[in-house]
Amino acid sequence: MPIRTTAGLILFRDGRAVVESPELAQALREVPAVFGITEEGAGSEARSPAPPRPAKSAPVKAWEDWAVSRGMDRGQAEDATKAQLIALADDLLADEQEEQE
């Protein structure tokens with residue numbers, strides 16, 4: 001399945017992309033984490049896929065951890081209410097879907 005990036009089309013074979021161009025490699029790194037793309041190779045740091053969005057019934061701690069995994073400061077996440085974290089998740093995921101369209 002191909003992915004269109006800002007630097008061009010990247011094709012995957014057996015779930016892997018072989019990218020030799022630095023521009024394509026950087027564009028692939030910028031694909032939103034929700035797609036679960038990780039980087040392999042000697043000397044490279046793998047980007048872990050973001051954990052799945054918690055269920056609305058999940059404890060607030062799960063929501064805090066999720067928000068931190070998406071780049072929120074731990075203190076800000078702990079200060080937010082569960083309803084605020086759910087609203088943030090809705091906004092983030094809507095933004096990512098718009099970017100992909």
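**Start at Asp90**

Select Asp90 to begin: Asp90 is partly exposed, with a relative accessible area of 37%. Three labels will come up along the way: a residue is buried under 20% relative accessible area, exposed over 50%, and partly exposed in between (1.4 Å probe, protein chains only).

A word on what is on your screen. This is a predicted model, in which local features need pLDDT of at least 70 and side-chain atom pairs count only at pLDDT 80 or more, while totals for chains, interfaces and linings use all residues. Residues are numbered from 1 along each chain as its sequence is written, and side-chain values use heavy atoms, leaving out hydrogens and water.

Now add Arg53 to the selection. Its side chain meets that of Asp90 in a salt bridge, 2.7 Å from N to O. This pair joins distant parts of the chain, 37 residues apart: Arg53 sits in the loop between helix H1 (22-29) and helix H2 (60-69), and Asp90 belongs to helix H4 (residues 82-100). A salt bridge here is a side-chain nitrogen of Lys or Arg within 4 Å of a carboxyl oxygen of Asp or Glu. Like its partner, Arg53 is partly exposed, at 29% relative accessible area.

**Zoom out to the whole chain**

Switch to a cartoon view and you will find four helices and two strands. Their order along the sequence is β-β-α-α-α-α. Helices (H or I, at least four residues) and strands (E, at least two) are DSSP runs, numbered from the N terminus. The chain has 101 residues, and 21% of them count as buried. With a surface display on, you are looking at about 7,100 Å² of exposed area, 52% of it supplied by carbon and sulfur atoms. Those areas come from the Shrake-Rupley method with a 1.4 Å probe; for residues, only the protein chains shown count as cover.

**Select H4**

What is the span of H4, and how does it compare with the one expected? This helix has 19 residues and reaches 27 Å from its first C-alpha to its last, close to the 27 Å expected at 1.5 Å a residue. The expected span is 1.5 Å times one less than the number of residues.

Colour the buried residues of H4, which are Leu85, Ile86, Ala89 and Glu96. Looking down the axis, you will see them fall within an arc of 100°, so they line one face of the helix. The arc is taken from the directions from the helix axis to the C-beta atoms. On the face turned away from that buried side, find the exposed residues Ala83 and Glu98. The cover over the buried residues of H4 includes H2 and helix H3 (74-79).

Click on Ile86 next. This residue of H4 is buried, with a relative accessible area of 14%. Beyond its neighbours within four places in sequence, Ile86 is in contact (heavy atoms within 4.5 Å) with Arg53, Lys56 and Trp63. Ala89, with the same kind of neighbours set aside, is in contact with Arg53, Trp63 and Trp66.

**Into the cores**

Which residues make up the largest nonpolar core? Select these nine: Ala58, Trp63, Trp66, Ala67, Ala77, Ala80, Leu85, Ile86 and Ala89. H2 and H4 are the elements that give two or more residues to this core. Apart from it lies another core, of five residues, including Ile3, Ile10, Val31 and Ile37. A nonpolar core is a set of buried Ala, Val, Leu, Ile, Met, Phe, Trp, Tyr and Cys residues joined through side-chain atoms within 4.5 Å.

**Over to H1**

Select H1 and pick out its buried residues, Ala25, Ala27 and Leu28. Viewed down the axis of H1, they fall within an arc of 165°, so they line one face of the helix. Pro22 and Glu23 are exposed on the face turned away from the buried side. Strand E1 (3-5) and strand E2 (8-10) are among what covers the buried residues of H1.

**Last stop: a charged trio**

Finish with Lys61, Asp65 and Arg74, which are linked in a network of salt bridges. In general, side chains of opposite charge can pair when their charged atoms come close. The closest N and O atoms of Lys61 and Asp65 are 3.1 Å apart; these two residues, four apart in helix H2, are separated by about one helical turn. Between Arg74 and Asp65 the closest N and O atoms are 2.8 Å apart. Lys61 is partly exposed at 44% relative accessible area, Asp65 at 32% and Arg74 at 31%.
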